[in-house]
Amino acid sequence: AVAQVAEPILGAGMNLQIPVLLLHLLGGIVGYWLPKLTGFGEVKSRTMAIETSMKSSAFGFLLAKLHFGDYIARVPSAVSVVWMALTGSLLAVVWRYIPVKEDE
């Protein structure tokens, strides 16, 4: 899917990459701290952070493909698919090595 819009992605550069990356990072941060602040434990907060940072961009790509004829409409979702996978996977790997206290 990403290869279909490779040229516009490369043309957009960091003006597209940074906002999409921030979207997934902020999703992970809010997905962790909101549950933490509302009384959820560490494991559930981590799980929600990973899930929130990995909201499906592939669905956005499919919707753009079905409802907009122009390939350019698919570009943000195509970029988001990559950052979604990277941020969610990174959170999972980092937290794997940070032990959870037994009382949480």
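How many helices and how many strands does the protein chain have? It has five helices and zero strands. The model is a predicted one. Along the sequence, the pattern reads α-α-α-α-α.

**Overall form**

The C-alpha atoms of the protein chain occupy a box of roughly 55 × 25 × 20 Å along the principal axes. The radius of gyration is 16 Å, whereas a compact globule of 104 residues would be near 13 Å. Buried residues make up 29% of the 104 in the protein chain. The accessible surface is about 6900 Å², and carbon and sulfur atoms account for 70% of that area. Contacts often span the sequence: among those with a separation of 6 or more, 72% join residues 24 or more positions apart.

**Helix H5 and the nonpolar core**

Helix H5 contains 22 residues. From first C-alpha to last, H5 reaches 32 Å, close to the 32 Å expected at 1.5 Å a residue. Its buried residues are Val75, Ser77, Ala78, Val79, Ser80, Met84, Thr87, Gly88 and Trp95. These buried positions pack against helix H1 (6–12), H2, H3 and helix H4 (57–67).

The largest nonpolar core holds eight residues: Val5, Ile9, Leu16, Val20, Phe61, Val75, Ala78 and Val79. Two elements, helix H2 (14–37) and helix H5 (75–96), each give two or more residues to this core. H5 gives the most, with three. Valine 75 is one of the core residues. Beyond its neighbours within four places in sequence, valine 75 contacts Val5, Pro8, Ile9 and Leu16.

**Serine 53**

Serine 53 lies in helix H3. Is serine 53 buried or exposed? Serine 53 is buried, because its relative accessible area is 0%, and buried means under 20%. Setting aside residues up to four places away in sequence, serine 53 touches His24, Gly27, Gly28, Met84, Thr87, Gly88 and Leu91. Three of these partners, Met84, Thr87 and Gly88, are listed among the buried residues of H5. Glycine 27 is 26 residues from serine 53 in sequence, yet the two C-alpha atoms are 4.8 Å apart in space.

**Salt bridges**

A search of the whole structure returns two salt bridges. Both appear below.

| Side-chain pair | N to O distance |
|---|---|
| Glutamate 42 and lysine 36 | 2.8 Å |
| Arginine 46 and glutamate 42 | 2.7 Å |

Lys36, Glu42 and Arg46 are thereby linked in a network of salt bridges. Glutamate 42 takes part in the bridge to lysine 36 and in the bridge to arginine 46.

How far apart are arginine 46 and glutamate 42 along helix H3? They are four residues apart in helix H3 (residues 42–53), so about one helical turn separates them.

Burial varies within the network. Glutamate 42 has a relative accessible area of 8% and is therefore buried, since the cut-off for buried is under 20%. Arginine 46 is buried as well. Lysine 36 has a relative accessible area of 24%, so it is partly exposed. The bridge between arginine 46 and glutamate 42 thus joins two buried residues. The bridge between glutamate 42 and lysine 36 pairs a buried glutamate with a partly exposed lysine.

How values were computed. Residues are numbered from 1 along each chain as its sequence is written. This is a predicted model: local features need pLDDT of at least 70, side-chain atom pairs count only at pLDDT 80 or more; totals for chains, interfaces and linings use all residues. Side-chain values use heavy atoms; hydrogens and water are left out. A salt bridge is a side-chain nitrogen of Lys or Arg within 4 Å of a carboxyl oxygen of Asp or Glu. Buried means under 20% relative accessible area, exposed over 50%, partly exposed in between (1.4 Å probe, protein chains only). A nonpolar core is a set of buried Ala, Val, Leu, Ile, Met, Phe, Trp, Tyr and Cys residues joined through side-chain atoms within 4.5 Å. Contact means heavy atoms within 4.5 Å. The expected span of a helix is 1.5 Å times one less than its number of residues. The radius of gyration is taken over C-alpha atoms; the globule rule is 2.2 Å times the number of residues to the power 0.38. Accessible areas come from the Shrake-Rupley method with a 1.4 Å probe; for residues, only the protein chains shown count as cover.
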